[in-house]
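Visitor: Please take me closely through one part of this model, and then show me what surrounds that part in the rest of the chain.

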Amino acid sequence: MAFFMLPNVVEYACVCGLLSPLTKLYFCRYCLKIRCGFCVCHEVDSHFCCNCLENIPSSEAKIRKNRCNTCFNCPSCQHTLSVRASSSTVVPAAAPAAAAGEEGKKEEPPAAAAVAKQITRKMYYLACLNCRWSSRDVGIPDQSVATGQWPEPEYANATRFGLLLEHYQSVVLHEKQEKQELWRRKTPKTSKFPSLTDRTGLTVSMIRRQMGWTDSKAQIKATPSSINRSVASEAVDELPEDLLTKPIQLKNITTLQQRLAQPAKQPFTVNKLYPQHKLLSIKRSLRCRQCDHNVTKSEYNPSSIKYRIAMFAAYHVPEVRFIRCEPLKLNQEAILLLKLINPTINDMTITIMELPTDEEERLMIEELKLSAEATISSSTSSSLMLSAAGLTSGTSSLASKQAALLEDPRMVQQRVNGTFKLPDSSFVLHHRDDSAEFDEVVASQQEDPKFIVWRKANQISMKLAVQPAPDCKPGDEVVIGFSLQYTYVSTAMDKNVTAASTGGTPGSGGSGAASAAAATPGSTSTPTKGGPQKHALTTRVYLKLGRIAAVPEVAA
């Protein structure tokens, strides 16, 4: 359970040891593990403007400094500015040739001629519908086109910042070329005479590079551009004489938010506030750091809010909801009611077990580290083979980057100070059926264990007897935890499933084929080809039950 403004009551443990509500977790169907926001890689898919919904390529967004060319923000309240139209009357200048040709005609009165030659034009200006700020307040002239180029303010240090940007871009490019050259020299060469019939189709430049010859077109190495260094000066402008005597009008002074919105100039008075281009928004995709598969991926269209890939944990992991708990008292049991929901289209067999001990948790962390090292070593060997074949251009350091990005697993920091009686048996959660709520057919009754008090479709309600630990004091918050084992039917056909299905440990969020065969009937110990596979997965759940009631004082 997750609340917007209240603390979370039910939290799940990620593989890395961090606690999060189920709505903020993801599920990798290839690793068969729960992932949090720190266990996935965030990638930018596209840039777009949230106002005009214009899709902008990444290269163009970089040139535009991640801002839209047509949409503006109000410099006063940061809302989006609207283009307003107004009519203005313009008197065109009389042409000298036309005046010379009409000398012989009868002259009209000057007032009537001026009225006859007036032209009405539609002019456009920017206005804020929230704070009533407009571009006319700062003297920006109206434009004749609604999508016209509004004048940009000039900044005193714009040239200096442009030179600094070019200098540091050349420095970065020079360092990148040096790293690529150093990596190319360190890469071992498998053979000086590669097979020309290789299926990879080596080009002439790759063959010359492997044989130690120089390329026909030598790369031009970038050298950092020179720039004049800034010199510190003791000359400071003197303060105005009326600084302490002139009365201050707070309405004419900009706020801190208005100044930070324009960092290039940081105006002091409101008459120097100019509209700012609206920042671009992004659509991002999340990728599992261990198996490098996508966890979420949104549609490319900016106006669409749908996902092409949506592997949220709430769609694959049983949800535990806190209903109510009796008042907690020392040395007394209280009844706790929980609701479990199956979000999948397959039946789940649920088993509630105790949390792993500290020693078991350390062993799980060591196994996770060993599996991560094995993944990194395999990716390192493959990248070295590709670089030796000349198929990579300076990107063979992917394994080292992946090693730096992997989240280091840790012990769960949540302290458990409550106990409860474990259910004496497992139970089945039926699959999700959207039409069951509207179906008038009464479902067949089945015998449930005594701790299940209510069942409907894919939901059950169960009761547990909880008790605070003996070392608790009145006013302490009671937290209990348990390992939730459930069966999951995987339809992902990938080689990582076989590796993941043989190394699961309780509490790690992984899968164990042997434990699945022992815990659930009909599960297989070896994955079958061409069909869905059933796994027994385990996750740790922590619940905050509330505070212990104070003992009332007995009057003497």
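Guide: A residue is called buried under 20% relative accessible area, exposed over 50%, and partly exposed in between (1.4 Å probe, protein chains only). The model is predicted, so to speak of local features requires pLDDT of at least 70, side-chain atom pairs count only at pLDDT 80 or more, and totals for chains, interfaces and linings use all residues. Residues are numbered from 1 along each chain as its sequence is written, and side-chain values use heavy atoms, with hydrogens and water left out.

Let us begin with Leu53. By the limits just given, Leu53 is partly exposed, because its relative accessible area is 41%. Leu53 belongs to the loop between E5 and strand E6 (55-56); helices (H or I, at least four residues) and strands (E, at least two) are DSSP runs, numbered from the N terminus. Although Leu53 is not a glycine, its phi is positive, at about 55°. Most residues other than glycine have a negative phi.

Strand E5 (residues 40-48) contains His47. His47 counts as buried because its relative accessibility is 12%. Setting aside residues up to four places away in sequence, His47 touches Glu54, Asn55, Ile56, Ser58, Ala61 and Asn66, and also Leu280, Ser281 and Ile282; a contact means heavy atoms within 4.5 Å.

The cysteines of this part deserve attention as well. Cys49 counts as buried because its relative accessibility is 0%, and Cys68 is buried because its value is likewise 0%. Which cysteine sulfur is nearest to that of Cys49? The sulfur of Cys52 is the nearest, 3.6 Å away, and Cys49 is in no disulfide. Cys68 is in no disulfide either, and the nearest cysteine sulfur to it, that of Cys49, is 3.7 Å away. A disulfide is counted for a pair of cysteine sulfur atoms within 2.5 Å, and by this rule the count comes to zero.

Another positive phi occurs at Gln78, with a value of about 70°, although this residue is not a glycine. Gln78 lies in the loop that runs between strand E7 (67-73) and strand E8 (82-90). Gln78 counts as partly exposed because its relative accessibility is 26%.

Ser281, one of the contacts of His47, leads to another strand, since E11 spans residues 281-288. E11 runs antiparallel to strand E12 (residues 294-298), joined to it by two bridges; two strands pair if DSSP finds at least two bridges between them. Within this pair, Leu286 stands opposite Thr296 in E12. The hairpin of E11 and E12 has five residues between the strands, and there Asp292 takes a positive phi near 65°. E12 is also joined by three bridges to strand E13 (residues 307-310), again antiparallel. Here Lys297 has Ile309, in E13, as its bridge partner.

Elsewhere in the chain, an open sheet of six strands has the order E2-E1-E22-E21-E16-E18, with antiparallel pairing. Its edge strands are strand E2 (19-20) and strand E18 (427-429), each of which pairs on one side only. Two bridges join strand E1 (residues 10-13) to E2, and Tyr12 has Ser20, in E2, as its bridge partner.

The largest nonpolar core has 60 residues, and Leu338 and Leu340 have the most contacts inside it. Such a core is a set of buried Ala, Val, Leu, Ile, Met, Phe, Trp, Tyr and Cys residues joined through side-chain atoms within 4.5 Å. Strand E21 (residues 477-490) gives the most to this core, with six residues. Apart from this core lies another, of nine residues, among them Cys74, Leu126, Cys128 and Trp133. Leu340 touches, among others, Val320, Ile350, Phe427, Leu429 and Leu484.

Finally, consider the whole chain. Its secondary structure comes to 10 helices and 22 strands, and 33% of its 556 residues count as buried. The mean pLDDT, the predictor's confidence in each residue from 0 to 100, is 78 for the chain, and 72% of its residues reach 70 or more. In two stretches pLDDT stays under 50: residues 195-201, with two contacts beyond four places in sequence, and residues 495-528, with 64 such contacts. Where pLDDT is low, the predicted coordinates should not be read in detail.
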